[in-house]
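Subject: A structure for you to look at

Hi,

Here is the structure I promised to pass on. Have a look at it first, then read on for what turned up.

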Amino acid sequence: MRLATVGDVPGIGALMRASATELFPLFYSEQQAASAAIHLTEPDLALIEDGTYFVHEAGGEIVACGGWSRRNKLHAGSGARSDDDRVLDPATEPARVRAMFVRHDWTRRGLAKAILDACVQAARDEGFRSLALMATLPGVPLYRAFGFSETGKVMLPLPDGVRLEGVAMTLDLVS
């Protein structure tokens with residue numbers, strides 16, 4: 001595992017699309033999965049530029065990616081909001097876990113857990129007391145097993161009007 005670089009963007013995008021294409025149809029309708037594969041799979045350069053995004057490679061290919069953010073944006077596909085780039089206050093606001101994807105043939109090997117461990121450590125090092133995320137349904141079992149608690153379910157509007165079920169989750173970093 002290593003920090004992602006701008007040169008990884010094509011590989012990250014390909015992994016995101018492959019993961020969504022393979023895993024999302026197991027949890028969402030065909031229309032929802034197709035929309036998610038378009039609107040939730042664009043790499044966020046801010047995460048890479050901030051040095052908070054990780055990749056796992058195997059055989060020269062990126063097989064897992066994910067990271068955290070000290071910025072306000074909670075999830076991809078939400079559209080641009082005026083305060084997305086606002087830096088969060090570690091004393092009062094949770095850091096964000098963002099854009100976790102694993103290639104379908106590399107799931108259940110501990111790669112996502114290793115990324116989450118790195119996110120927890122880095123966020124703690126910057127003084128954050130908690131993490132928050134918006135999980136898509138394929139990720140919920142991972143986040144629950146890691147210790148995240150569900151705080152609510154929402155229907156996420158994607159740019160094409162399709163709505164996708166998401167699960168808001170948090171993790172306390174203090175205890």
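Let's start with a small puzzle: leaving aside its neighbours within four places in sequence, which residues is Lys113 in contact with? Bear in mind as you look that this is a predicted model. The residues to find are Leu142 and Phe146. Lys113 itself belongs to helix H4, and with a relative accessible area of 43% it counts as partly exposed. Try Tyr143 as well: it is 30 residues away from Lys113 along the chain, yet their C-alpha atoms are separated by 8.8 Å.

**The main core**

Tyr143 is a good way into the middle of things. The largest nonpolar core has 39 residues, and the ones that touch the most other members are Phe24, Leu131, Tyr143 and Phe148. Two or more residues come from each of H2, E3, strand E4 (95-102), H4, E5, helix H5 (140-146) and strand E7 (163-172). H4 gives the largest share of this core, eight residues. As background, nonpolar side chains in soluble globular proteins tend to be buried together.

If you want to see how one member sits among the others, click on Phe148. Not counting residues up to four places away in sequence, Phe148 touches Val97, Leu116, Leu131, Leu133, Tyr143, Met169, Thr170 and Leu171. There is also another core, apart from the main one, with 11 residues, including Ile12, Leu15, Ile48 and Cys65.

**Rings**

The count of aromatic pairs comes to four. One to pull up on screen is Trp68 with Phe128, an edge-to-face pair at 6.0 Å centre to centre, with 75° between the planes. This pair links distant parts of the chain, 60 residues apart: Trp68 is in strand E3 (residues 61-69), while Phe128 is in the loop between helix H4 (111-125) and strand E5 (130-136). Both rings belong to buried residues: Trp68 has a relative accessibility of 1%, and Phe128 has a relative accessible area of 4%.

Elsewhere, Tyr143 and Phe148 turn up again, as they form one aromatic cluster together with Phe146. And for a ring with a charged neighbour, go to Trp106: Arg109 lies over its face, at 4.1 Å from the ring centre.

**Thr52, next to Trp68**

Thr52 is in the loop between helix H3 (45-49) and strand E2 (53-58). Is Thr52 buried or exposed? Its relative accessibility is 1%, so it counts as buried. The side chain of Thr52 reaches the backbone oxygen of Trp68 at 2.6 Å. Beyond residues up to four places away in sequence, Thr52 touches Leu3, Leu47, Gly66, Gly67, Trp68, Ser69 and Arg70.

**Helix H2**

This helix has some residues tucked away and at least one that isn't. Gln32, Ala33, Ser35, Ala36 and Ala37 are buried in H2, and the buried residues of this helix pack against helix H1 (9-23), strand E6 (149-157) and E7.

Take Ser35, in helix H2 (residues 30-39). Ser35 counts as buried because its relative accessibility is 3%. The side chain of Ser35 makes a polar contact with the side chain of Asp160, at 2.8 Å. Leaving aside its neighbours within four places in sequence, Ser35 is in contact with Leu158, Asp160 and Val162.

Now compare Ile38, found in helix H2 too. Ile38 counts as exposed because its relative accessibility is 58%. Ile38 and Leu158 are 120 residues apart in sequence, but 9.6 Å apart in space, C-alpha to C-alpha.

**Cysteines**

How many disulfides are there? The count comes to zero. Why is Cys65 not bonded to the cysteine with the closest sulfur? That sulfur is in Cys119, and at 11 Å it is too far for a bond. Cys119, likewise, is in no disulfide. Burial is easy to check here: Cys65 counts as buried at 1% relative accessibility, and Cys119 is buried with a relative accessible area of 0%.

Happy exploring, and write back with any questions.

Cheers

Definitions and conventions
Residues are numbered from 1 along each chain as its sequence is written. This is a predicted model: local features need pLDDT of at least 70, side-chain atom pairs count only at pLDDT 80 or more; totals for chains, interfaces and linings use all residues. Side-chain values use heavy atoms; hydrogens and water are left out. Helices (H or I, at least four residues) and strands (E, at least two) are DSSP runs, numbered from the N terminus. Buried means under 20% relative accessible area, exposed over 50%, partly exposed in between (1.4 Å probe, protein chains only). A polar contact is a pair of N or O atoms within 3.5 Å; within protein, one must be able to donate a hydrogen and the other to accept it, and residues adjacent in sequence count only if both atoms are side-chain atoms. Contact means heavy atoms within 4.5 Å. Rings of Phe, Tyr and Trp (its six-membered ring) pair if their centres lie within 6.5 Å; planes under 30 degrees apart count as stacked, over 60 as edge-to-face and the rest as tilted. A charge sits over a ring if NZ of Lys or CZ of Arg is within 6 Å of the ring centre and within 35 degrees of the ring normal. A nonpolar core is a set of buried Ala, Val, Leu, Ile, Met, Phe, Trp, Tyr and Cys residues joined through side-chain atoms within 4.5 Å. A disulfide is a pair of cysteine sulfur atoms within 2.5 Å.
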